[in-house]
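Hello,

Here is the structure we talked about. Please open it first, then read my notes below alongside it.

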Amino acid sequence: MTTTTPTNPGTSPGVAGRPLSKPLGRPFGTGKLTSRGVANAVVLIAALYTLLPGLWLLFASTKNADALFGSDIFSLSDFSFAQNLSDLFAMDGGLYGEWYLNSLLYAVGGALVGSLISVAAGYAFDKYEFRHKEKLFGLVLAGVMVPPTVLALPLYLVASGIGLVNTFWAVFIPVLFNPFGVYLARLLSSGYVPNEVLEASRVDGAGELQTYVRVSLRMLGPGFVTVFLFQLTAIWNNFFLPMVMLSDQHLYPLSLGLYTWNSSATVSPEYYPVVVIGSLLAVVPLIVTFIALQRYWKSGLTAGSVK
């Protein structure tokens, strides 16, 4: 006759003396909540770091020259936004309006043409085989690592040699060629344009140019918008190249024009309010463009992440 050893409460029925579970040192999920709280705190700090300068710019644009240096920037007293706006476009014979138009021409036109060049070059590197392909692409990658300021003086010497210094083209032509845009376009082409689609188009009798324009470029739409936004932001914020190339204030972009006004403000304080409100209006096109095209560039950034 066999006897059954009784089991104590809290022990495994199959193995005597072994507890059902390990003692819990901390409540379940505490580590996950802690990591989530740290992540949220980091995101909040980053958001404040980004938004506070913009918030200061928004409130400071409503102050006159006297209130601008006071301690009540974030108050609603001394509201002078309309007056500052009027002074902005009247200062120096309306130069700000010319600078704004120049920036739109440099940035929008340059980003549009430059994106077409970058996407076409990246597509060619991805879909075609030719001699020294990888070596040439290595030069493109080397160009990505060269800071634009390093090229300003050589570009000035070239522009001086062909008589383009202090002209619109001295700033417009160099921004059309962006090595990073070519690199990014090649990645986007590999993610958006399947080789099978190109083979089917060739079987149907379409030429290479027709295939690119009617098939590939349409499929590269989100990628094109992504490259366009990168180049638009870079050209809009371009400062050193215009400073080297231009001496005529009527050709200045906003970045260089506001810099000259800010330098003059140390002698003439009436420039301070117009510089502040001019800086506020200068960021509006970028914000509007990113909001309007956000669904395209978001999909462009994730191209090729899921196969």
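Start with one pair of helices: helix 13 and helix 14 cross in a left-handed way. Keep in mind that this is a predicted model.

**The helix pair**

Two packed helices are described by the angle between their axes and the distance between the axes. Here the axes of helix 13 (residues 254-264) and helix 14 (residues 271-282) come within 9 Å. They cross at roughly 160°. Angles over 145 degrees count as roughly antiparallel, so helix 13 and helix 14 are roughly antiparallel to each other.

Which residues meet there? From helix 13 come Leu254, Leu258, Trp261, Asn262 and Ser264. From helix 14 come Tyr271, Tyr272, Val274, Val275, Gly278, Ser279 and Ala282.

**The chain as a whole**

Now zoom out. The chain has 16 helices and zero strands. It has 307 residues, and 32% of them count as buried. Next, take the contacts in the chain with a separation of 6 or more. Of these, 72% are between residues 24 or more positions apart.

**Aromatic rings**

The structure holds 19 aromatic pairs. One of them joins tyrosine 123 and tyrosine 128. Their ring centres are 5.9 Å apart. Their planes stand at 80°, so this pair is edge-to-face. Are these two tyrosines buried or partly exposed? Tyrosine 123 has 3% relative accessibility, so it counts as buried. Tyrosine 128 has 23%, so it counts as partly exposed. The cut-off behind this is simple: buried means under 20% relative accessible area.

There is also an aromatic cluster to find. Its members are Phe89, Tyr96, Trp99, Tyr100, Trp236, Tyr252, Trp261 and Tyr271. Two of these names should look familiar: Trp261 in helix 13 and Tyr271 in helix 14 are also among the residues that meet between those helices.

One ring has a charge for company. The charged end of arginine 186 sits over the ring of phenylalanine 137. The distance to the ring centre is 4.3 Å.

**Two residues in helix 4**

Look at serine 103 next. Serine 103 is in helix 4 (residues 95-127). Its relative accessibility is 3%, so serine 103 counts as buried. What does serine 103 touch, leaving aside its neighbours within four places in sequence? The contacts are Val108, Trp236, Pro253 and Leu254. Trp236 is also in the aromatic cluster. Leu254 belongs to helix 13, on the side of the pair described above.

Alanine 121 is in helix 4 too. Alanine 121 is partly exposed, with a relative accessible area of 23%. Now find arginine 186 again. Alanine 121 and arginine 186 are 65 residues apart along the chain. Their C-alpha atoms are separated by 7.8 Å.

**Two backbone angles to check**

Histidine 132 is not a glycine, yet it has a positive phi of about 60°. Histidine 132 lies in the loop between helix 4 and helix 5 (133-144). It is partly exposed, with a relative accessible area of 45%.

Asparagine 166 is not a glycine either, and its phi is positive at about 65°. Where does asparagine 166 lie? Asparagine 166 is in the loop between helix 6 (148-161) and helix 7 (168-172). With a relative accessible area of 27%, asparagine 166 is partly exposed.

Best wishes

Terms used
Residues numbered from 1 in each chain as written. Predicted model: local features only at pLDDT ≥ 70, side-chain atom pairs only at ≥ 80, totals over all residues. Heavy atoms only, no water. Phe/Tyr/Trp six-rings, centres within 6.5 Å; stacked < 30°, edge-to-face > 60°. Buried < 20%, exposed > 50% of the residue type's maximum accessible area, 1.4 Å probe, protein only. Lys NZ or Arg CZ within 6 Å of the ring centre and 35° of its normal. Axes fitted to C-alpha atoms, helices over the stretch in contact; angles between N-to-C directions. Helix = DSSP H or I, 4+ residues; strand = E, 2+ residues; numbered from the N terminus. Parallel < 35°, antiparallel > 145°, perpendicular 65-115°, else oblique. Left-handed = near helix turned anticlockwise from the far one by under 90°. Contact = heavy atoms within 4.5 Å.
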